[in-house]
Amino acid sequence: MKKKNTLSKDKIANILFYIIAVIMILLVVYPLWFVIIASFSNPADVANGEVWLWPKQWDISGYKELFKQEQIWISYRNTIIYTIVGTFIALAVNIPAGYAMSRKDLAGKKWINVFYLIPMFISGGLIPTYFVVKNFGLLNSFWVMVLPFSVSTYNIIVARTFFKSSLPETLWEAAQIDGSGTIRYFFQFALPLSKAVLAVIGLWTAVGIWNSWFNALIYIQNESLQPLQLLLRRILISNQSLLGAATGTMAQELRQLSDMMKYASIVISTLPIMCLYPFLQKYFNQGVMIGAVKE
């Protein structure tokens, strides 16, 4: 009888856990789904609360207006290139730094730790950073989006924690016996065993660069170099300005068009990252645990 009661309690607990899990999934997924269906719906239906699970009336005017902008394709290309190149540069900078910081025999390790940690909490400020970028000749250039901000202290700490907790010291000793030096050990042993941290830091960096618009606003005036997020921001602000100047029926039509373009811009700007995430989800979950490991 006790076993039966225990089994029944376990079943009830599992059912409750599943219900809670489903509710949490719906709370996360539904807002994303609503943005997608709203971008294909009549704005009046969305405003009246008539769109819940599927568009009542299909309307792609928002996408048509966005794609009329010739600059959007150039900005899309720029964002893709910034994301790919910037992610590779960030990995090339932060992963070796994290590995070096994980080594016990690193000379001046404490001072190097301080050197990395101080900028993590205290930045130089916008104006000094602007003059540094300007003095290096990076203003209005491709490299201003991928070089000056490629170093991330947080990513270095995550990589350092991974190397210290996941790679046993005996592996390094065995490699030394076989005549391997530090550089060879890093490329032939450490990196092949570091797919999780590479995927996680790569995903974090890619999402950050893809969503970045403030750096482009400050350091890029050339429209041919502007990323997608900055262009979408400019389009939406322009629509709001026109909406403020319009009256009557024209104002209502502009408001509806502005709402549709807003939803469409969200879908366009997030779709590539959303498609990329499922392929890296396994490594992303491992990386979250990596950051939680204490030294």
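Modeller: Before we start: the expected span of a helix is 1.5 Å times one less than its number of residues. Keep in mind that this is a predicted model.

Biologist: Okay, so how many Å does helix α10 reach from its first C-alpha to its last?

Modeller: Helix α10 covers residues 195-211, which makes 17 residues. At 1.5 Å a residue you'd expect 24 Å. The model comes out close to that, with a reach of 24 Å.

Biologist: Which side chains meet in a salt bridge?

Modeller: Searching the whole structure turns up 1 salt bridge. Its N to O distance is 3.6 Å, and the cut-off is within 4 Å, so the pair counts. The side chains belong to R103 and E169.

Biologist: And how many residues apart in sequence are R103 and E169?

Modeller: R103 is in the loop between α4 and α5, while E169 is in helix α8. That's why the pair ties together separate parts of the chain, and the gap in sequence is 66 residues.

Biologist: Is R103 buried or exposed?

Modeller: Buried means under 20% relative accessible area. R103 has 12%, so R103 is buried.

Biologist: Over the ring of which residue does the charged end of R103 sit?

Modeller: This ring belongs to an aromatic cluster that includes Y99, F162 and Y185. The charged end of R103 is 4.8 Å from the ring's centre, and the residue is W172.

Biologist: Are the rings of Y99 and Y185 stacked, edge-to-face or tilted?

Modeller: Their centres are 6.2 Å apart, with the planes at 40°. Stacked needs under 30 degrees and edge-to-face needs over 60. An angle of 40° fits neither, so the pair is tilted.

Terms used:
Residues are numbered from 1 along each chain as its sequence is written. This is a predicted model: local features need pLDDT of at least 70, side-chain atom pairs count only at pLDDT 80 or more; totals for chains, interfaces and linings use all residues. Side-chain values use heavy atoms; hydrogens and water are left out. Helices (H or I, at least four residues) and strands (E, at least two) are DSSP runs, numbered from the N terminus. Buried means under 20% relative accessible area, exposed over 50%, partly exposed in between (1.4 Å probe, protein chains only). Rings of Phe, Tyr and Trp (its six-membered ring) pair if their centres lie within 6.5 Å; planes under 30 degrees apart count as stacked, over 60 as edge-to-face and the rest as tilted. A charge sits over a ring if NZ of Lys or CZ of Arg is within 6 Å of the ring centre and within 35 degrees of the ring normal.
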